[in-house]
Amino acid sequence: KVCGLEVLQGLQYNANDRQWENGHIYDPSSGRTWDAKAWIGPRGQLMVRGYWHFSFLGRNLSFTRI
């Protein structure tokens, strides 16, 4: 089950960059945990980047508030 699963952990807000950094994101389909950072996008969506050691080795996910 994925419902109720904590997938984002340990993010710390960096006011200078206006983003959350140094966190982890859990991928339930593979069972792996990745480094993560997050920020609020231009249309108010939560943007999360999961990556492996270097931010350019990853992908973005977008979450929209309903």
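Let me start with His24, which lies in strand 3. Keep in mind that this is a predicted model. His24 counts as partly exposed, because its relative accessible area is 35%, and the partly exposed class runs between the 20% and 50% limits. Computed along the chain in residues, His24 and Arg59 are 35 apart, and from C-alpha to C-alpha they are 13 Å apart in space.

Next in the chain is Ile25, and its place is also in strand 3. Is Ile25 buried or exposed? Ile25 is buried, since its relative accessibility is 11% and the limit for that class is under 20%. Take Ile25 together with Lys37: they are 12 residues apart in sequence, with 8.7 Å between their C-alpha atoms.

Staying in strand 3, we come to Asn22. Asn22 is exposed, because its relative accessibility is 54% and exposed means over 50%. The backbone is worth a look here as well. Phi of Asn22 is near 60°, which is a positive value, and the residue is not a glycine. Most residues other than glycine have a negative phi.

There is another case to show you. His53 has a positive phi too, about 65°, and His53 is not a glycine. Where is His53? His53 sits in the loop between strand 5 and strand 6. His53 is exposed, because its relative accessible area is 54%.

On to the pocket. The largest pocket has a volume of about 270 Å³. Strand 3 (19-27), strand 5 (46-52) and strand 6 (54-63) are the elements that give two or more residues to its lining. Which residues line the largest pocket? The lining is made by Val7, Ile25, Tyr26, Asp27, Pro28, Trp34, Gly50, Tyr51, Arg59, Leu61 and Phe63. You have met two of these already, Ile25 and Arg59. Sorted by class, the lining has eight nonpolar residues, one polar residue and two charged residues.

Now the surface. Trp52, Phe54, Phe56 and Leu57 form a nonpolar patch there, and together they have about 490 Å² of accessible area. Which element gives the most to the nonpolar patch? That is strand 6, with three residues. Trp52, for its part, is found in strand 5. Trp52 is partly exposed, because its relative accessibility is 48% and a residue has to be over 50% to count as exposed.

One last residue, Tyr13. Tyr13 lies in strand 2, which covers residues 12-14. Tyr13 is partly exposed, because its relative accessible area is 47%. Paired with Ser29, Tyr13 is 16 residues away in sequence and 27 Å away in space, C-alpha to C-alpha.

To go back over the main items: the largest pocket, of about 270 Å³, has Ile25 in its lining, and Ile25 is buried. The nonpolar patch on the surface includes Trp52, which is partly exposed. Positive phi values turn up at Asn22 and at His53.

Definitions and conventions: Residues numbered from 1 in each chain as written. Predicted model: local features only at pLDDT ≥ 70, side-chain atom pairs only at ≥ 80, totals over all residues. Heavy atoms only, no water. 1 Å grid on protein atoms, 1.4 Å probe; cavity = no way out; pocket = protein on both sides within 12 Å on 5 of 7 lines; lining within 4 Å. Points joined across faces, edges and corners; volume = space filled by probe spheres on them. Helix = DSSP H or I, 4+ residues; strand = E, 2+ residues; numbered from the N terminus. Nonpolar A, V, L, I, M, F, W, Y, C, P; charged D, E, K, R; others polar. Patch = residues over 30% accessible without salt bridge, like charges linked within 9 Å, V, L, I, M, F, W, Y side chains within 5 Å. Areas by Shrake-Rupley, 256 points an atom, 1.4 Å probe, with all protein chains shown as cover. Salt bridge = Lys/Arg side-chain N within 4 Å of Asp/Glu carboxyl O. Buried < 20%, exposed > 50% of the residue type's maximum accessible area, 1.4 Å probe, protein only.
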